[in-house]
Amino acid sequence: MGHLDHATFGWLTPALSYVMACIGAALGLRCTVRALEASGSSRRNWLITAASAIGTGIWTMHFVAMLGFGVTGTDIRYNVPLTILSLIVAMLVVGAGVFAVGYSRDRVRALLLGGLTTGLGVASMHYLGMAALRLHGEVRYDPLLVALSVAIAVIAATAALWAALNIKSPVAVAVASLVMGAAVSSMHYTGMLAVSVRVEPSGPALPGATAMQFIFPLAVGLGSYLFLTSAFVALSPTARERAAYASAERITEPGERAPDQGGRSTEPGGRSTESGGRSTEPAGVPR
């Protein structure tokens, strides 16, 4: 049996993968909250952004953690098509769960269906990513730990969607994202504990790309997408803020009364009325 090392770079990859999971969760939850306040195409666009953020965050978390994965006695390569497929599956299945919550009128049913779908999407992404591994040996899984990892994924996804439906405060969303990031990381490392590798004598050169050739550049690109999208969402006004802006613009339109510093309101034509009921007219105008 080959010895598995999940942190060949020390705490760097586990910590960075947790940060990526938290950013993806925070962005996805914030976009879902925005979607529930919107309607029409705006709701759809926010939900698409939420699905891409959560899916990208989960995928980046998994493969950043895999940068620190090693097995003594064998090199590791990754099948490129399967790795990309794991990213697409993550986005599509998570998107199905997010849209179920965003458009269903029955919140309880939507939460259960969306949590199950999203959790299975997270687990599918993880095990598709593991299927992309190429090494000199045979990979085996402990069925009990695999089932536990899937259960953690479903519970984490359901809790995250519940937070999106019930938590509106940015601070509360941030706390929920930290919890979801921890849950996703727990799911990953539970799934990794289920892995054992029986190393075989080295044969021909392994097919596929190394982690630094393929995984690292893709993870950096997707991480940059998360940071840029987070900045866009943070700077874009909410529906409540847009309504406040529109109300302020209507108040200051020409022809409307606008109070001055002395507590008087100016009417069209130059006549101003004090708050105490007296009217002040321009000098020289007969009564």
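The structure holds one salt bridge, a term that here requires a side-chain nitrogen of Lys or Arg within 4 Å of a carboxyl oxygen of Asp or Glu. The partners are E138 and R140, whose closest N and O atoms are 3.5 Å apart. E138 has a relative accessibility of 36% and R140 a relative accessible area of 37%, so each counts as partly exposed, the class between buried (under 20%) and exposed (over 50%), with a 1.4 Å probe and protein chains only.

This is a predicted model, in which local features need pLDDT of at least 70 and side-chain atom pairs count only at pLDDT 80 or more, while totals for chains, interfaces and linings use all residues. Residues are numbered from 1 along each chain as its sequence is written, and side-chain values use heavy atoms, with hydrogens and water left out.

The helix α1 (helices being DSSP runs of H or I with at least four residues, numbered from the N terminus) has 26 residues and spans 38 Å between its first and last C-alpha, close to the 38 Å expected at 1.5 Å a residue, a figure taken as 1.5 Å times one less than the number of residues. Of these 26 residues, 19 are buried, so that α1 is mostly covered.

The second largest pocket contains about 210 Å³ of space, and L16, V64, L67, F216 and V220 are the closest to its centre among its 13 lining residues, which are those with an atom within 4 Å of a point on a 1 Å grid. At least two lining residues come from each of α1 (12–37), α2 (40–67) and α7 (211–235), and α7 gives the most, with five.

Methods:
1 Å grid on protein atoms, 1.4 Å probe; cavity = no way out; pocket = protein on both sides within 12 Å on 5 of 7 lines; lining within 4 Å. Points joined across faces, edges and corners; volume = space filled by probe spheres on them.
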